[in-house]
Amino acid sequence: MRRTSATLVGGALVAALAWASSPTSPATALEPAVGVQDLTQDINQILSDSRLTIARAGVVVRSAASGEELYSTDAGKLLTPASNTKLFTSAAAVDTLGLDYRFPTTVLNAGRKLGSAITGDLVLKGTGDPTMLAEDYDALAAKVADQGVKVVTGRLVADDTWFDSVRLGQDWAWDDETAYYAAPISALTASPDRDYDAGSVIVSVAADGDKVKVSTTPETDYLKIVNKATVGAETDVLIERQHASRTVVITGTVKDPYQEWVAVDDPTTYVSDLFRKALAKHGVHVLGPTVTGAAPANAAELARHDSMPLSELLVPFLKLSNNMHAEILTKAMGRKVAGEGSWSAGLKVTTDFAKANGVQVLNMRDGSGLSRRDGFTPTSIAQILTAARGKPWFKTWYDALPIAGNPDRFTGGTLRSRMRGTAAANNVHAKTGSLTGVTSLSGYVTDADGEPLIFSIMLNQYLSGAPKDIEDKIAIRLANFSRTKAVDSVSPLRASTDSGDLECSWLKPAEC
């Protein structure tokens, strides 16, 4: 994970201290409260944008210290949150699993070891670790070889029973099935990079003389590559896995190198293939076939890999809005609380947590917000943001949220190119959200008086031109808000920002 500079650390420390030492009551208000009146007028003007004429917009702004509502419009309406859903999932996961929670992946001897042979099965057992790389499976294979094992007379058993067998979330769009941001969920999975895009492979193309060369990260022949691309005057190429298959078809023309993240069809089988090849590379030969199933209760541990703690995983999860992390954590919560690694069990944990912490209205269908049937109100989001401030884990969670205008990828995250050069930069800590026709931004900002504010902005059902700049204008206005004076001119606060139509996590690789 990248380290931030001393300047960035210092700025983060100042913001953290401001939140840790928030005033117990709001700053002294004027008579009349000209600052609040001015804020209301300005946000109303921002929301009068013609793109919202036929859309739905819900906004709420509150004092983080007192709970005083400074602005509200349709804050009680149920809206589609997109990735703002991750605020609930991440908070519940940290509270339920703990910041020190790790995902173990183990190799088990389900037979007997006689000399250099295991007479029986070798089991690879997963618990959902989204950070497992091909090199980690290679390291597990090396540990098995280091114990003198050269032959396994039985089978290679892939034990993914920590989670249920349901791979895709409720209501997910069928045409997202091959996309890396909607990859299948399994207790055994692998990532191709240190963004930890679990369940996907990077497919790369490059011109090689008069032919197009194809490679994968990690190296694997699990995918069947059908290369129909040709070398051309420009790169205009489509890399797409065919629905419900392992076949990736590449068409178009290639001039410059290009790569695409592609979801595998079955993470368990894919990982089994990686691990079997790693065993062979280290001189361990499995004579039997690869199968799936549960490890026997008396199987002995041969090797183990523990993931980074949840406190560290929060960074790629929230900064880059990783959908797979949200769904894996949802099933992990279900496994811990109900002994069932399913969406239904995990979502109950999250909704129970939210309700116990004052959230009044929520409808959760998944952990990431990919489902269009997820529903929250801006008030519900403000309630979970308020409750989080009183938790012992708040600072770690708050720091893991994207930070507006901070160019460092693992600091600014999906807000790294937004609100730069404004009072909101290195100030706003907030979660983004994007689906077609949906955008949301909810989180925290410190105003011009040093008072922490909580806000939620949810925009739904617009037809074109994602209005993320509207979110930015509101957030910037909040950063400039003062109870003691009006803002003379809001025009500088409303300058266009380069926010794009989709959040960074959807746009691999260059935009992220």
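This is a walk through a predicted model, one selection at a time.

**The open sheet**

Start with residues 290–292 and 300–306, which are strands β17 and β18, the two edges of an open sheet. Each of these edge strands pairs on one side only. Now add the strands between them: the sheet has 5 strands in the order β17-β8-β6-β3-β18, and the pairing is mixed. On average, neighbouring strands here are turned by 20 degrees against each other, direction ignored.

Next, narrow the selection to residues 122–125 and 156–159. These are β6 and β8, which run parallel and are joined by 4 bridges. Which residue of β8 is the bridge partner of L122? The partner is L156.

**Helices on the sheet**

Keep the sheet on display and select residues 134–146. This is helix α4, which packs on the sheet and touches β3 (104–109), β6 and β18. The direction of α4 makes about 150 degrees with that of β18.

Then select residues 267–281, helix α5. Helix α5 lies across β3, β6, β8 and β17, and runs at about 140 degrees to β8.

**Around helix α8**

Hide the sheet and select residues 343–356, helix α8, together with residues 85–97, helix α3. At what angle do α3 and α8 pack? The angle is about 90 degrees, and the axes are 9 Å apart. Angles of 65 to 115 degrees count as roughly perpendicular, and α3 and α8 are therefore roughly perpendicular to each other. To see the contact, show side chains for F88, T89, A91, A92, D95 and T96 in α3, and for V349, T350, F353 and A354 in α8. By class, this contact has 6 nonpolar, 3 polar and 1 charged residues.

Leave α8 in place and swap α3 for residues 323–338, helix α7. The axes of α7 and α8 come within 7 Å and cross at roughly 85 degrees. That angle makes α7 roughly perpendicular to α8. On the α7 side, select E327, T330, K331, M333, G334, V337 and A338; on the α8 side, select W343, A345, G346, L347, V349 and T350. The contact of α7 with α8 has 7 nonpolar, 4 polar and 2 charged residues. V349 and T350 of α8 are worth a second look, being listed in the contact with α3 and in the contact with α7.

**Salt bridges**

The model has 26 salt bridges. Three are picked out below.

Select R477 and D38. Their closest N and O atoms are 2.7 Å apart, and the two form a salt bridge. The pair links distant parts of the chain: R477 is in helix α12 (residues 468–479) and D38 is in helix α2 (residues 34–46), 439 residues apart. Are these two residues buried or exposed? R477 is buried, with a relative accessible area of 2%, and D38 is also counted as buried, at 11%.

Stay in α12 and select K473 and D469. This pair forms a salt bridge with closest N and O atoms 3.3 Å apart. The two residues lie 4 apart in the helix, about one turn. Both K473 and D469 are buried. Add D49 and R51 to the selection to show a network of salt bridges that links D49, R51, D469 and K473.

Now move to D171 and R373, which form a salt bridge with closest N and O atoms 3.7 Å apart. D171 is in the loop between β8 and β9 (200–208), while R373 is in the loop between β19 (362–363) and β20 (375–376). The two are 202 residues apart in the chain.

**Backbone details**

Keep D171 selected and turn to its backbone. Phi of D171 is near 70 degrees, a positive value in a residue other than glycine. D171 is partly exposed, with a relative accessible area of 33%.

Select Y196, which is found in the loop between β8 and β9. Y196 has a positive phi of about 60 degrees, although it is not a glycine. At 8% relative accessibility, Y196 counts as buried.

For the last stop, select T217 and P218. What kind of peptide bond joins these residues? The bond is cis, with omega about -5 degrees. P218 lies in the loop between β10 (211–217) and β11 (224–227).

Technical notes. Residues are numbered from 1 along each chain as its sequence is written. This is a predicted model: local features need pLDDT of at least 70, side-chain atom pairs count only at pLDDT 80 or more; totals for chains, interfaces and linings use all residues. Side-chain values use heavy atoms; hydrogens and water are left out. Axes are lines fitted to C-alpha atoms, for helices over the stretch in contact, and angles run from 0 to 180 degrees between N-to-C directions. Angles under 35 degrees count as roughly parallel, over 145 as roughly antiparallel, 65 to 115 as roughly perpendicular and the rest as oblique. Contact means heavy atoms within 4.5 Å. Ala, Val, Leu, Ile, Met, Phe, Trp, Tyr, Cys and Pro count as nonpolar, Asp, Glu, Lys and Arg as charged, and the others, Gly among them, as polar. Two strands pair if DSSP finds at least two bridges between them. A salt bridge is a side-chain nitrogen of Lys or Arg within 4 Å of a carboxyl oxygen of Asp or Glu. Buried means under 20% relative accessible area, exposed over 50%, partly exposed in between (1.4 Å probe, protein chains only).
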